[in-house]
Every structure is written in structure tokens, then in C-alpha cells.
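Good morning. Please look at the structure on the screen while I go through its empty spaces, its ligand and its cysteines.

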Amino acid sequence: MKKNLIVALSLLFSVGMWAQHTMTVNVSKPVAEIQPTMYGIFFEDINFGADGGLYAELVKNRSFEFSQALTGWTAFGNVKILSESPCFERNPHYARITEDGQLSRAGLDNEGFKGIGLKQDEEYRFSVYARALEDKPMKISVELVNSHGENRLVKEVTIEGKDWKKSTVVLKSPFTDAHSRLRIVLLTPGTIDIDHVSLFPVRTWKGRENGMRADLAQALYDLNPGVFRFPGGCIVEGTRLESRYQWKHTVGPVENRPLNINRWNYTFRHKFFPDYYQSYGLGFYEYFLLSEDIGAEPLPVLSCGLACQFEGNNAVPLDEMSPYVQDALDLIEFANGPVTSAWGKLRAEMGHPEPFHLKMIGVGNEQWGEVYPERLELFVKAIRAKYPDMKIVGSSGPGAGGKEFDYLWPEMKRIGVDLVDEHYYMTPDWFFANAARYDNYDWKGPKVFAGEYASHDHASGKANNFLSALSEAAFMTGLERNADVVHLATYAPLFAHTDAWQWNPDLIWFDNLKMMRTPNYYVQQMYGMNAGTHVLSLLMDGKPVAGQDQLYATAALEQSTGEVIVKIVNAAPHPAVTQLELAGLGKKKIVSGSQIYLESGDLKTINTLEQEQIVPRIRPLRVEDKRVELSLLPYSFTVYRLQIK
Ligand code: AHR
């Protein structure tokens, strides 16, 4: 209340001191279409974004396949890791537990991902594949242990028979604790084998058994994303070709998807996470399903036969590229093929006989040099021959400009890809200064996919502060004004676990119980929720608004409702008054309006898990016939929606 009063008073007394502006929006002639895919999501398993994050599995190293088979586990009593006559041939290790009937106990504790987050009264589904080596029923206890070491819930499960069998039990947690453990104790004297030990919240996103953490998936849905790019990032490439992302390893029964080390395990020496692996429980089928659930177009990206070029020159010889190209063709069949096709059949068996309607595919991530186009061309030829309507995304390298970028763009045009992926992790100043980056791009060439971007405020340790968010909002006015050139844009990275991150800033932070939407998230959301369908011309003194007096603006029409949507950033530390006039209305007029805004007097403000200080707020908006007076708050991003009738 007090803050509002100060803002109002400062507006009243100071507005006269600052220049007044008039912005004119021409509503009669839309300038370009805004693609429904315009604002989207980039997902990579970095910062424990998948295992330990979005993927709701709570047990780490559930298959005993990490290079140290007991990572994540504390074994007590007689426990051995074996692989003879395994349950799953591609994940062959399992644990053998022997209870000798003496006083000490035999079993295993799992520590989860920096602890297991349990919520009081929530249900969790425990499952295990097990066999008994005895001719009698063998009992195990499954226990939820809190961070003080007390087992507060114990359920018994009976293991019977010498063949591997799955057992399941649902546990209702009697406590809330972010750092709980799961304990399994063999109660009956004798020996059993166990594998693929799993604990999932029953309440996942959409209630799916191998599903997503509900709050995190909901946060994605709430962005109203148009596109969902997966599975990365550098993770696509691998530090060596052997560790690249192979989508075929990520489909079929989850238990038999071969584990891969996560490159973010060891990439940064100062942020070493030896317990970071990819279980692929969140694999390509789940990515497609999630795209569908959140209403976004799927955009898978595949290895182009080059491992991460930052790490060396590990390239597939050109005459050995056919399995890589085949992977791309097979992926399209997996997503769209009839159930009678080999890969379409697998999709159907996994539960989705209908196609996923894949329309775009990316080949390569941050590649450079001649080695890239010569490999990409092989994919383009093969995909065009079989799937002429498929849109292909190429790369312009790791930077926003420079030698590699300047070499690759003409190459992308020559090869004829549909979209070119650009990446920029730059300073807030760069983002403000580049709001007009796309004003002079060639709109006849391939379209732009701003595939990875984030404003890095180095002075604040690259925090997700309001400065970074505001600079992104300003920059994005330029994406939208140039929607004839820019078809997709995705902030990166998406998720970070507060106790296990390698890279910042990130859009959404979480721990084992809570999550936090950053100011940057809300900028994305305000764009995603208010994208509009067509760009309208918005001029101030005859020019697009791209930094004059620290103002940035764009206007769009939402054809389905007839609303005009205006987005304005005031990056100045003082308020501004802007007359917004709508030209070309004919007999129509503005009948109502609304405004939603983000603001902060302190550019260093961040949100935390405990408190989100920067959140969208609404204020009433007084409209007149064909004009509106806008009072822009200092350091603010506002979206206005004007209903025309
Ligand atoms: O988003 C994090 C990393 O940044 C991505 O994996 C990579 O593509 C880029 O260098």
C-alpha cells in the first residue's frame, strides 16, 4: 500500500520533468504473422533438470548402473552387486541382499537427489523388481526415513519365486521433509536380488505413472509455450560421440533404457557432480507426451555426427554417417509413422497410437566450421526426400556473431534449412542494445530460432535479477516486431536445482519440495500469454521504439478477440507518460483495457524459494475513444490489452 502511494506520488511530481511521448499503433494493416510457436521452452538435463528435477523419480541410481554401482546407496549388512542372469539386459546390475539371521540387519538406503522430498499425506508408489533365492516367501520392509534418521513409515512387501517379478506398494508419508531417505531391509533370513528400485509421487503431472513432478510441469504449462525443444543443448552432442544423446536408447520400457553419464557431471571442474547420470526415464516418448500435454510443438534436436567441438574434434567420417541420418528418419517415423511401421508400432506399444504430429527437427547444436554443413547436408537431403514438409533447423554456432556465425549463416541459406538456431548468453547491456538486431535481417531467407538466450549480469554473479529480466523483455520487443524473421524463441536453460546446479541463470529454480519462478520466467510468461497473432506497426516519431529514451515497444493484434496488445519496457529509473493512439480504427473504438506489469525500484531484486518479490501485477486502465494515456513505471515491463469494438 505504502509502496503504491510512493509510486503514485513519484509519478505525479516527477512525470512533468521527463519527456512525454506519443506512440501510434496502426491497427488497420497487420505487418506480419506471429507464429504460434514464437515463445517456447528449451529443455536440457542440466542442473539436475531431468533426473532429480522434472522427472518425478525420487530414487537415484535405481538400477545400480552408475560407474560406482552403489552411488546414492548406503548398503548395510551383506549386500553385493552382481550382473549374472539379470532382470534387464541393458541395465544388468542388481543388488543381492543376504540376511544371516544374526542381530545386524541387511539392506539399502537411498539418498535420493540431495535428499528425497516427501510431503505429509502425499502418496508415493514404491516398486521393485525382485526374486528370492529361497523356496519360501521373503519379506522386506520399505521404510520412509526422515532427515533425523527416524523411520516414520514402514510397509512390508513379500518377494516370492525364483523369477524376477515386480512388486508395488503405496506409502502415505506421515511427514514433510526435503531430505528424507528410502530404506529397504530384508526381514526374512536368506537371500534375495533386487533391481530397478523406484519411488514416485502418485500425484504426478496428469497422474502419469512414469510422470513429471507436478509443480514443475505446471510451471511449464503456465508459460503457454508454443514450442518445446529437447533434449538440449550440449547434451545432444556428447563430449565424445559415444556419450551423445541417442534417442533410441530412451524409448521402450524404462527399466531397459541404458544409462548414460551426464556431461554436466564433469564439464566444469569447479562444479563437479560425480552422481549426475541420465537414466532416460524422461526420454523421447515422454518429451513428445509432455509437448502434447503443455500444448507446445515438439522440436527434437539430434546429433549431426560431431561431438562437442569445445571438447575436441570427434567427428564421424562422412562415409560413416548413415546410421546418424537413419536415426533422424526413424525418429520422424517414431513420432508420426503409422502403427504398422516399425517405429510407429513402438510408439503405439508405449501407449500413443496417434501420431505426435512432429513438424520440425533440429540437426546439430553449437557446431562450427566446414565439418558441420557437410554433415548437415546429408540429413537435409535424406529428410527432404522422405518427409518434404518437415522443417529442418540448422545452427549458426555458439555465438551471437563473429567469424563462425558469419560463415554459417550463408551456408545455412545455401543448404536451404528452414530455420537457423542462434544462441546468445550476453550482458544486459547487450540485450538492451540489440532490440533492433533483427530489423534488417533478410526476411526471405531461413527463419530465426533464437534457441538459447539469457541475459547474464556478471556484476551480480549472473543472478536471475530484475535487470536481466527487464533487458530480456526489451530485447524480446525486437523479436516480436520482426516476427516475419523470428519464428521461435526459447530462453535457456530452463531448470536448476538449488543444491545441484552447474549453470546460471536459469528460468525456474527448485529444491526437493518447492519451486520458484524467476523474474525472467514472468517475462516469458507475459509474452507467452499475450503473444497475439499479427504484428502491428507501432511508431514513435515515425520510428520503431527500440531504446529511445530507454523505451522499447511492440504491438500485436489478437485476431480471435480483436484485441490490440501492446508491450512496453521502460528501462529508465524514472516514470514516463506515453500517449498511445490507435490509427486505422475507422468507426471502431477502444471499449476497455487492462494492464499487467512487472516492476522493481531495485534492478538487483531476485525471487527466492521463500518469496517471489517480482510477480506480475495488475492495475486498472482508463481508455478513451481511440487513445490511452499510459503511465509507465520506472524500470517496468507492461502488457496492455485493448478491446476494440
Ligand atoms: O544452456 C546451457 C548450454 O549452453 C547448452 O547446453 C549449450 O548449447 C550452450 O552452450
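A cavity, in this talk, is a set of grid points where a 1.4 Å probe fits but cannot get out. A cavity's volume is the space filled by probe spheres set on those points. Please keep in mind that this is a predicted model.

I start with the cavities. Searching the whole structure turns up seven cavities of 30 Å³ or more. The largest cavity has a volume of about 150 Å³. It is lined by 18 residues, and the closest to its centre are Asn61, Arg62, Phe66, Leu259 and Ser279. What kinds of residues make up the lining of the largest cavity? There are eight nonpolar, four polar and six charged residues.

The second largest cavity holds about 60 Å³ of space. Its lining includes Asp45, Ala50, Asp51 and Pro231, and also a run from Gln278 through Ser279, Tyr280 and Gly281 to Leu282. Tyr245 and Tyr287 line this cavity too. By kind, the lining of the second largest cavity has six nonpolar, three polar and two charged residues. Ser279 is worth finding on the screen, since Ser279 appears in the lining of the largest cavity and also in that of the second largest.

Next, the ligand. Which residues are around the ligand? They are Glu44, Gly233, Cys234, Trp264, Asn365, Glu366, His423, Tyr425, Glu452, Pro493 and Trp503. This shell divides into five nonpolar, three polar and three charged residues.

Three contacts to ligand oxygen atoms can be picked out here. In the side chain of Glu44, an N or O atom is 2.6 Å from an oxygen atom of the ligand. For Glu452, a polar side-chain atom also lies 2.6 Å from a ligand oxygen. Cys234 makes its contact through a backbone N or O atom, at 2.8 Å from an oxygen atom of the ligand. On its own, the ligand has 280 Å² of accessible area, and the protein covers 96% of that.

Last, the cysteines. How many disulfides does the structure hold? The number is zero. Cys304 is in no disulfide, and the nearest cysteine sulfur, in Cys308, is 11 Å away. Cys304 is buried, with a relative accessible area of 0%.

Why is Cys308 not bonded to Cys234? The closest cysteine sulfur to that of Cys308 is in Cys234, but the two are not bonded because 4.8 Å is too far for a bond; a disulfide needs the sulfur atoms within 2.5 Å. Cys308 is buried as well, with a relative accessible area of 1%. Cys234 has already come up as one of the residues around the ligand.

Definitions and conventions: Residues numbered from 1 in each chain as written. Predicted model: local features only at pLDDT ≥ 70, side-chain atom pairs only at ≥ 80, totals over all residues. Heavy atoms only, no water. 1 Å grid on protein atoms, 1.4 Å probe; cavity = no way out; pocket = protein on both sides within 12 Å on 5 of 7 lines; lining within 4 Å. Nonpolar A, V, L, I, M, F, W, Y, C, P; charged D, E, K, R; others polar. Near = heavy atom within 4 Å. Polar contact = N/O pair within 3.5 Å; in protein donor to acceptor, adjacent residues only side chain to side chain. Areas by Shrake-Rupley, 256 points an atom, 1.4 Å probe, with all protein chains shown as cover. Buried < 20%, exposed > 50% of the residue type's maximum accessible area, 1.4 Å probe, protein only.
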